[in-house]
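Here's a quick briefing to read with the model open beside you. It goes by topic, so feel free to skip around.

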Amino acid sequence: MVAQPSARNRLLDAAEELAFTQGVAATPVDRILQRANVAPATLYAHFGNKEGLIAAALRRRLENWDAAWQREIAAAATDRDRLLAVFPALTSYRSGTSAARWCAALGVAAETVDPGQQLAETLSQDTQLLTDRFRELAVPVVGADDADALAAHLLLIFTGVLGMLLRGDSPEAAAATGRVTAGFVIDGFGASASGA
C-alpha cells in the first residue's frame, strides 16, 4: 500500500496545481482545501494563511529549480556552457515538475500588488538566486569588471524566455532561442573586452 502524502505536502501540491496554473487570486482557499482534502485548520496550522501557503509552495519550487540548474551546471564542459546552463535547466525542470503557465514566481509577483513580508522575501529570493548565479558564472567568462552587467543582460533574456511561454512557445523552443540570444550577448562582451 502506498502511503498518502502528508497534509502539508498535499496542500503544497494543491497550491502548485491550482494557484500556479489558474492564478493565486482566481484560486479560492476552499478549492485548495478541497483538492488537498484537508480542513481549514490544517492550512492555518502549517502556513498561517493562504499567502503563507503560496510562499512555501514558491520556496519549494525554487529549491527544485535550483537543484535542476545546478545539475546542468555540473554537467557543462566549459565556463561558457556553465553560464548558458540555465536554458537546458529550464527545459529539464519544466518536464519534471508540476505545470505553471510560465514562471510561478513571476506570475505571483504580477498579480500581487502588495505582498506581505513572507511572500515579498520569497519573491526576492528567486530574483537573488538568478542574479547571484549569473554573476558568479559570468566572472570566469568575461571577468569581474563585466560580470554584473552581463548578469543583468542574462536575467533580462531569461525573463523574456519565461514570458514567451505565455505566448505559446514550448519550453524547448523558448530555451533554445534564449540560449542563442544569450550567446550573442556573451560574445559581444568578449569582443568589447578584447578591443574588437
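**The enclosed space and what surrounds it**

Let's start inside: helix H4 (50-75), helix H6 (86-96), H7, H8 and H9 each put at least two residues into the lining of the largest cavity. Keep in mind that this is a predicted model. The protein chain has 196 residues, 41% of them buried, and its secondary structure comes to 10 helices and zero strands.

**The largest cavity**

- The structure holds one cavity of 30 Å³ or more, and the volume of the largest cavity is about 250 Å³.
- Which helix gives the largest share of that lining? Helix H4 does, with five residues.
- In total, 18 residues line the largest cavity. Trp-65, Tyr-93, Cys-103, Ala-104 and Asp-126 are the ones nearest its centre.
- Sorted by class, the lining of this cavity has 13 nonpolar residues, four charged ones and one polar one.

**The largest pocket**

- The largest pocket offers about 160 Å³ of space. It is lined by 14 residues, and Phe-20, Gly-23, Trp-102, Gly-107 and Glu-111 are the closest to its centre.
- Two elements give two or more residues to this lining: helix H1 (7-22) and helix H7 (104-111). H7 gives the most, with five residues.
- The pocket lining breaks down into eight nonpolar, four polar and two charged residues.
- Helix H7 is also where you'll find Ala-109. With a relative accessibility of 37%, Ala-109 falls between the 20% and 50% cut-offs, so Ala-109 counts as partly exposed.
- Measuring C-alpha to C-alpha, Ala-109 is 14 Å from Gly-52 in space, and the two are 57 residues apart in sequence.

**Aromatic rings**

- The structure has six aromatic pairs. One of them joins Phe-134 and Phe-158, which meet edge-to-face, with 6.5 Å from centre to centre and 70° between the planes.
- Why does that pair tie together parts that are 24 residues apart in sequence? Because Phe-134 sits in helix H8 (residues 117-142), while Phe-158 sits in helix H9 (residues 144-166).
- Phe-134 and Phe-158 are both buried.
- Ring pairs also build a cluster, made up of Trp-65, Trp-69, Phe-87, Tyr-93, Phe-134 and Phe-158. Two residues of that cluster, Trp-65 and Tyr-93, are among those nearest the centre of the largest cavity.
- Trp-69 has a charged partner as well: the charged end of Arg-133 sits over its ring, 4.8 Å from the ring centre.

**What the UniProt record marks**

- An unreviewed UniProt entry carries the annotation "domain: HTH tetR-type" for residues 5-65. Over that stretch the chain is 79% helix and 0% strand, and the end C-alpha atoms are 21 Å apart.
- The unreviewed entry also annotates residues 28-47 as "DNA-binding region". Here the chain is 80% helix and 0% strand, with 16 Å between the end C-alpha atoms.

**A loop residue worth a look**

- Where is Asn-37? Look in the loop between helix H2 (29-36) and helix H3 (40-47).
- Asn-37 has a positive phi of about 60°, although it is not a glycine.
- Is Asn-37 buried or exposed? At 59% relative accessibility it is over the 50% cut-off, so Asn-37 counts as exposed.

**A buried residue in helix H6**

- Leu-90 has its place in helix H6. Its relative accessibility is 3%, which is under the 20% cut-off, so Leu-90 counts as buried.
- Leu-90 and Glu-172 are 82 residues apart in sequence, yet their C-alpha atoms are 8.3 Å apart in space.

**Overall dimensions**

- Taken along the principal axes, the C-alpha atoms of the protein chain fill a box of roughly 65 × 40 × 30 Å.
- Read from the N terminus on, the elements run α-α-α-α-α-α-α-α-α-α.

Key
Residues numbered from 1 in each chain as written. Predicted model: local features only at pLDDT ≥ 70, side-chain atom pairs only at ≥ 80, totals over all residues. Heavy atoms only, no water. 1 Å grid on protein atoms, 1.4 Å probe; cavity = no way out; pocket = protein on both sides within 12 Å on 5 of 7 lines; lining within 4 Å. Points joined across faces, edges and corners; volume = space filled by probe spheres on them. Helix = DSSP H or I, 4+ residues; strand = E, 2+ residues; numbered from the N terminus. Nonpolar A, V, L, I, M, F, W, Y, C, P; charged D, E, K, R; others polar. Phe/Tyr/Trp six-rings, centres within 6.5 Å; stacked < 30°, edge-to-face > 60°. Buried < 20%, exposed > 50% of the residue type's maximum accessible area, 1.4 Å probe, protein only. Lys NZ or Arg CZ within 6 Å of the ring centre and 35° of its normal. UniProt positions renumbered as here; feature names shortened; annotations may be inferred.
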